[in-house]
Structures are given as C-alpha cells and as structure tokens.
Amino acid sequence: MKQTVPMPALSDTMATGRLVRWLKQPGDPVKRGDVLAEVETDKAVLEVESFADGFLAGPLAPIDTDIPVRQTIAYLVDSAEEVVAPSASEEETEPKAPAVEPAVERARPAKHPATPSTTAPRAATSPSNTPRTLTDPNRRPASPYARTLAADLGIDLADVVPGAGGMIHAAEVLATALQPRSPDLHFGPPYQIEPLSPMHRAVADNMTATQGTPTFRVTARIPLDALQATSKETNTSLTLLLARACALTVKQFPRFNACHTPSGLAIRDRVDVGIAVDFEAGLLTPVLRDAADRPLEELAEDWRILRGKVRSRRVVPEDYQGATFYVSNLGTFSIVHSFEAIVPLGAAAILAIGADDRTATTFTLSCDHRVVFGADAARFLEALAGRLRNPGSWLG
C-alpha cells in the first residue's frame, strides 16, 4: 500500500514548513518513529517521524522549500519492490510538493532607474500598482472565483499564500488584499528580496496581530544590588530570579495573569512566565511553567534545559507556547537603559528590563488596558520592587 507522508503541523501557528534535509532516501527501510527529515518551522528545527513501518519512496519534496502544512512531501510503501523511480508521466500526475513557490526576486528596478517624473507621483502602494512579479499567475493552483477576485482587486496570485492543500481560495485573496501596504521601492536604489525565515515571519505576523491591543506603559527605577548579590552567592541565574520575582508578583495581582477574549477575561490558575531569549537565528520565549509555586531548584533545572534547547534549536511547541506573563531583559547590553516591549497575544503584560547604571535599573511594564489599569501597574511595580530589594524573603 502506498501512503502519503504529509508536511505535519508542528505548531499551532505553522502554515508552512521549510524542509532542511532528508535523513532517509527512497528505498531506505524505516520503522515507525524513525526520523525521516528535518523541518524548520516558525520556531525551531523539528523532526518529521515515520508514522508506520515500510520503505521510503519518492518523489521527495526538495529541501530549502516552503511547503504548506498537509502537502505531500514523500510516500511510504510496504516493500522495497514498490519503490520505483517515478517515470516522467508519473511525475506529471503526482502532487507537486512545493505548492508554495520559493520566494523569488519579485521586483528589481533597472540598474539605472528612470528619473522620476516631475508630475505627481502615482499612489504609492495600492494593490494594483505594487511591483509586478515575474511569476505566471496561471501556474498557481487557485479556484476560478479566487482568480476572478484577484483580478478584480489587482492582486497577483504569486503574492497570495495558499490555504490548505496548497490551493488558493477567495479567503486567501481577501487576506492578501487586507494586508498592510507594501513600501514602494521603485525610486530607491536597486534591491533584492530576501525571503523571511519561518521564525522571522511568525514574529512579524504575531507582532502585527497585536496592533489592536490598547497598550499603556508604566516605568519604575528599582535597585538590583541585593538581587545581584544573591545571584552570585547562590550561583543562580539572575534572569531566573527575576522571573521568579515576577511570577510571585503576578500571583499577588492575578489580573496580570489574565487575558482579554471576546467572551471576557480568561482567568488562569497558574503563572507561566515566558522569557525572551535572543539567539543567532532569531527570538524565542521559552516558558517556565508554574513559576510561582514550584521549588526554585526545579525551575533552575528547567531553565538550564530550555536554554540548551534554544541554543540547539530543538524546542518543541510545549516549550514556548502558552505563557501568561512575559519578561524581556536587554540589561545585558550595557548601553540599553530602557525600552518598551510589545504585549504578546494571550498576555496582559510584559516587563522590559534595561541595563543597571550602578544606581538602579529601569523596568517598563507594558499592559493591555482592557485587562489592567494604570494604578494596577503601579501597585505591581511597587510590590515587585519590594521583592527585588529583599530577595531573602521569597528565595526559599
């Protein structure tokens, strides 16, 4: 029996995956659970495991290609005899793996762009006058209505991210039409488009999704001498201690553990702290679960494991999803004394921590005004300051 191997959905935000490499080749015997390939998602490089015993058969989807979730990337067959090289005719009838075409140079101005006209410049960025792509739209799988709609709206199908199965429907066309306008690069220097990595794209999408959050910010200056001394004495990560202090403060003020939804506030009974971690390939927020009530030693071990996973890009969705409160610390950059962070979806607040200037550290609390108010934020920072000045009272 010939079974398809689809691109799996490895996170709840994953729409496409980028094949990094194949670890098995056509004809290789595989057991259930064997790793077939590695896929870069919006958060990490994850493994695609075989769901059954058999033999891997092609055609294999090419690496370094964005492929929609559930699109076929290979086949499994029961016997080695069934693994045959696909004929030309078969290849024509097999599903084409990369329904999302690799990003291409969508627009490259002439090396010597024409001098801008003295007449009024054209409207910069309506869908009809964005740079034309070089892709033949007739090659994109799309429903007839989607094609008609795209033509009416002046949208090139090459700019539309397909839906399930690699097909473009009206919904995907409308989503493209509603996207923020693109900059007009016609009159600037020559350029080329560098495709976003899945992780970078996810960050961009998530930050764009927060535009509707009514946010206010409150700043406080808090000395960290006592906490820094405790960190050295106990050989405990300063970041971990800050996360612990925040978790205890969130527990004291449970509104900071809530989340606004169309139905009302989602009240959580556990404080899970997401900590922004910068690394070579991007930004991740591994989550310390139950950070207020578990022993500090357990949290320290979790934090050590999470940091190792981030460095090796082996995090799984359970490692970075579902935080209820966030901490972002740029204090390791001595020149950054204060900054503002964006409240992620699903949280009421995020705390931005700057560098210590030998007198105090600047803490900026960004809050969703639908969940908490200014006085709540002031009380939160006052309580947090008390903990940071006296870590011996809560360290045990």
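Phe333 is placed in the loop between strand 16 and strand 17. In this predicted model, the residue is partly exposed, with a relative accessible area of 44%. Phe333 is 21 residues away from Gly354 in sequence, and the C-alpha atoms of the two are 8.0 Å apart in space.

**The second largest pocket**

Strand 16, which precedes the loop of Phe333, also takes part in a pocket. Strand 16 gives the most to the lining of the second largest pocket, contributing four residues. The space in this pocket amounts to about 1200 Å³. Its lining consists of 49 residues, and those nearest the centre of the pocket are Ala276, Val277, Leu283, Leu284 and Thr285.

Several elements share in this lining. At least two residues come from each of helix 4 (198-209), helix 6, strand 13 (277-279), strand 14 (282-284), helix 7 (296-312), strand 16 (325-329) and strand 17 (349-353). In terms of domains, the lining of the second largest pocket takes at least three residues from domain 1 (2-77) and at least three from domain 2 (215-393). By residue class, the lining comprises 25 nonpolar, 17 polar and seven charged residues.

**Aromatic contacts**

The whole structure contains three aromatic pairs. One of them is formed by Phe256 and Phe380, whose ring centres are 4.6 Å apart and whose planes meet at 40°, a tilted arrangement. This pair links distant parts of the chain, since its members are 124 residues apart: Phe256 belongs to the loop between helix 6 (238-252) and strand 10 (259-261), and Phe380 belongs to helix 9 (residues 374-389).

Are the two partners buried or exposed? Phe256 has a relative accessible area of 1% and is therefore buried. Phe380 is likewise counted as buried, because its relative accessibility is 0%. Ring pairs join Phe256 and Phe380 with Phe253 and Phe325 into a cluster.

A contact of another kind involves Lys2 and Tyr75. Lys2 is positioned over the face of Tyr75, at 4.4 Å from the ring centre.

**Backbone features in loops**

The peptide bond between Gly58 and Pro59 is cis, with omega at about 0°. Pro59 has its place in the loop between strand 6 (54-57) and strand 7 (66-68).

Two further loop residues have a positive phi without being glycine. For Asn235, which is not a glycine, phi is about 55°. Asn235 is situated in the loop between helix 5 (225-234) and helix 6. With a relative accessible area of 73%, Asn235 is exposed, because the value is over 50%. For Arg358, also a residue other than glycine, phi is positive and near 75°. Arg358 occupies the loop between strand 17 and strand 18 (361-368). Its relative accessibility is 81%, so Arg358 counts as exposed.

**Residues distant in sequence**

Some residues lie many positions apart along the chain, and their C-alpha separations can be set side by side. The table lists four such pairs, including that of Phe333 and Gly354.

| Residues | Apart in sequence | C-alpha to C-alpha |
|---|---|---|
| Arg70 and Pro6 | 64 residues | 4.8 Å |
| Phe333 and Gly354 | 21 residues | 8.0 Å |
| Ala266 and Gly346 | 80 residues | 9.0 Å |
| Glu382 and Thr249 | 133 residues | 9.7 Å |

Where does Arg70 lie? Arg70 is in the loop between strand 7 and strand 8 (72-77), and its relative accessible area of 57% makes it exposed. Ala266 is part of strand 11 (residues 264-266). This alanine counts as partly exposed, at 26% relative accessibility, because that class covers values between 20% and 50%.

Glu382 is located in helix 9, the helix that also holds Phe380. The glutamate is exposed, with a relative accessible area of 62%, whereas Phe380 is buried at 0% relative accessibility. Helix 9 thus carries both a buried residue and an exposed one.

Conventions
Residues are numbered from 1 along each chain as its sequence is written. This is a predicted model: local features need pLDDT of at least 70, side-chain atom pairs count only at pLDDT 80 or more; totals for chains, interfaces and linings use all residues. Side-chain values use heavy atoms; hydrogens and water are left out. Rings of Phe, Tyr and Trp (its six-membered ring) pair if their centres lie within 6.5 Å; planes under 30 degrees apart count as stacked, over 60 as edge-to-face and the rest as tilted. Buried means under 20% relative accessible area, exposed over 50%, partly exposed in between (1.4 Å probe, protein chains only). A charge sits over a ring if NZ of Lys or CZ of Arg is within 6 Å of the ring centre and within 35 degrees of the ring normal. On a 1 Å grid over the protein atoms alone, a cavity is a set of points where a 1.4 Å probe fits but cannot get out, and a pocket is an open set with protein on both sides within 12 Å along at least five of seven lines; lining residues have an atom within 4 Å of a point. Grid points are joined across faces, edges and corners, and a volume is the space filled by probe spheres set on the points. Ala, Val, Leu, Ile, Met, Phe, Trp, Tyr, Cys and Pro count as nonpolar, Asp, Glu, Lys and Arg as charged, and the others, Gly among them, as polar. Domain bounds come from an automatic or database domain assignment.
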